[in-house]
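Q: I have a structure in front of me and do not know how to read it. Could we go through its features one at a time?

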Amino acid sequence: MVHDHEHQAVPSDPALRVKALESLLVEKGFVDPAALDAVVDTFEHKIGPRNGARVVARAWVDPAYKQRLLDNAEDAIAELGYPSQHGEHIVAVENTPAVHNLIVCTLCSCYPWPVLGLPPVWYKSSAYRSRAVIDPRGVLREFGLELREEVEVRVWDSTAELRYIVLPERPAGSGELTEDQLAALVTRDSMVGVAKVRL
Amino acid sequence: MNGIHDMGGMHGMGSIAYEKDEPVFHEAWEGRVYALNKAMGAWQRWNLDAWRHDIETLPPADYLRMSYYERWLAALEKRVVTYGFVSRQELQEGKAAQGSSKAEPALTPEAARAIDRGIPSSVDPAIPPLFHVGDRVRARNLNPVGHTRLPRYARDKTGEIVRDHGVYTFPDTNAQYLGEERQHVYSVRFAARGLWGEAASARDFVYLDMWDDYLEPA
């Protein structure tokens, strides 16, 4: 805590500081520790990229659903039973052989967390945030994805309350797979646009 | 503000450190600070834009040195004092002052499981859009010292409106509690070459979401 010298009596170890802050806010009745447990549990166990993977797999097997997803992602996502959320609107952008989409938030950490959970550290890092908009192909190369020069790259910088999810391309040769098997292939990274889905 | 957080297009931040099978929270305190922010946010004393600005106004060297959740912690410690939940002395001692009253928590465990963060949009025919899909627009060359969601790299650059997202609260005024100034937000498509020059690929585009007040006809 170097930004405010008056705070120097507070321990510098974040774990101790959080503990002290939590116990103070609980003591004063501002916070219910059971509610904190519920928040942590929700993000560790209930909300995560498996939700997004199910949305993608459904879009791959059901063309009408895919169209609804691209037209109004929130309603299409709610169809699959995920808790409706008030706030950020979700927009799905589709990868094709000719177009590759990449999601970033250069200003902070905006991320489609109702379908992907909380963002990974690299997504929030200075390296990713600074480079994704100026050197998207170099960033993708760092993730092991080399795009052909003729592919159009669309970078979505989440500067408002819209949250973007990439609908990745269905991998070739996956025609025989069930929706559940397809969902198992879909990675978080493919829905941010830094990877393709592989068989 | 032209802060360190506005880092789109900067060089020198290094390579991207990827962690395989990354946990949601690396340490228990990260989950607690995330949850504390939500629980204190439920008091609705501050709005999301003011919250973002608190993170942005961390001193730049601290911002870069701190981990993501350390920033959240630093901002929350500051906020609970600024908004009068606890005194500086209570924060320093980690203990409530003698005889202080006890509140009822704003966030219940049931509500904690709902997803409700964010600033909602709306369809509001009373607020007409100033621009339409297909319009050429220029991002205004604004340099406010307060909160803004208009990144430096897009200012004074020309793009095209590709989608009208509806009506949203304007962050620049909302962060300062100067009013919601609700207005349309659009997806604006910028050619990478327009943003970064001839070295960029002619096939690359950057899409930003922009409020009416960030735009002028081009």
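**Reading the core, the strands and the chain contact**

A: We can start from a single residue: leaving aside residues up to four places away in sequence, Val56(A) touches Leu167(A), Pro168(A), Val186(A) and Met191(A). Keep in mind throughout that this is a predicted model.

Q: Which residues have the most contacts inside the largest nonpolar core?
A: They are Val56(A), Val155(A), Ile165(A), Val206(B) and Met210(B), in a core of 72 residues. Another core, of 32 residues, lies apart from it and includes Leu36(A), Leu58(B), Tyr69(B) and Ala112(B).

Q: How do I read the side chains of a strand?
A: In a regular strand the side chains alternate between the two faces of the sheet. Take β1(B), residues 136-139: Val137(B) and Ala139(B) are buried and point to one face, while Arg136(B) and Arg138(B) point to the other and are not buried.

Q: In β4(A), which residues point one way and which the other?
A: Leu162(A), Tyr164(A) and Val166(A) point one way, and Arg163(A), Ile165(A) and Leu167(A) point the other way. Every one of these residues is buried. The strand spans residues 162-167 and is mostly covered, with 6 of its 6 residues buried.

Q: In which sense do β1(A) and β4(A) pair, parallel or antiparallel?
A: The pairing is parallel and runs over 6 bridges, with β1(A) covering residues 89-94. One position to find in the view is Glu94(A), which stands opposite Leu167(A) in β4(A). Leu167(A) is also one of the residues that Val56(A) touches.

Q: What are the partners of β1(B)?
A: To read a pairing, take its sense, then its bridges, then a pair of residues. β1(B) pairs with β2(B), residues 158-168, in the antiparallel sense over 3 bridges. Here Arg136(B) has Glu160(B) as its bridge partner. β1(B) also pairs with β5(B), residues 215-217, again antiparallel and over 3 bridges. In that pairing the bridge partner of Val137(B) is Pro217(B).

Q: In what order do the 7 strands of the open sheet lie?
A: A sheet is read across, strand by strand. The order is β2(A)-β3(A)-β4(B)-β3(B)-β2(B)-β1(B)-β5(B), with mixed pairing. The edge strands are β2(A), residues 99-104, and β5(B), each pairing on one side only. From one strand to the next, the twist averages 35 degrees.

Q: Which strands of the two chains do 5 bridges join?
A: They join β3(A), residues 152-157, to β4(B), and the two strands run parallel. Within this pairing, Arg154(A) stands opposite Phe205(B).

Q: How many residues of each chain are in contact with the other chain?
A: A contact between chains is read from both sides. Here 79 residues of chain B are in contact with 74 residues of chain A. Several elements of chain B each supply at least two residues to its side, among them α2 (48-56), α3 (60-65), β2 and β4 (204-211). The largest share, 10 residues, comes from α1(B). By class, this side of chain B has 43 nonpolar, 14 polar and 22 charged residues.

Q: How do I read a pair of helices?
A: Look at the distance between the axes, the crossing angle and the residues that meet. The axes of α1(A), residues 14-27, and α4(B), residues 68-82, come within 11 Å and cross at roughly 40 degrees. Their crossing is left-handed. On the α1(A) side are Pro14(A), Arg17(A), Val18(A) and Leu21(A), which meet Glu70(B), Leu73(B) and Glu77(B) of α4(B). This contact has 4 nonpolar, no polar and 3 charged residues.

Q: How many helices and strands does chain B have?
A: It has 8 helices and 5 strands. From the N terminus on, the elements of chain B run α-α-α-α-α-α-β-β-α-β-α-β-β. The C-alpha atoms of chain B fill a box of roughly 65 × 45 × 35 Å along the principal axes. Of its 218 residues, 38% count as buried. Among contacts in chain B with a separation of 6 or more, 66% join residues 24 or more positions apart.

How values were computed
Residues numbered from 1 in each chain as written. Chains lettered and ligands numbered in written order. Predicted model: local features only at pLDDT ≥ 70, side-chain atom pairs only at ≥ 80, totals over all residues. Buried ≥ 20, exposed ≤ 12 C-beta atoms within 10 Å, placed from the backbone. Helix = DSSP H or I, 4+ residues; strand = E, 2+ residues; numbered from the N terminus. Pairing = 2+ DSSP bridges. Axes fitted to C-alpha atoms, helices over the stretch in contact; angles between N-to-C directions. Left-handed = near helix turned anticlockwise from the far one by under 90°. Contact = placed C-beta atoms within 7 Å. Nonpolar A, V, L, I, M, F, W, Y, C, P; charged D, E, K, R; others polar. Core = buried A, V, L, I, M, F, W, Y, C linked by C-beta atoms within 7 Å.
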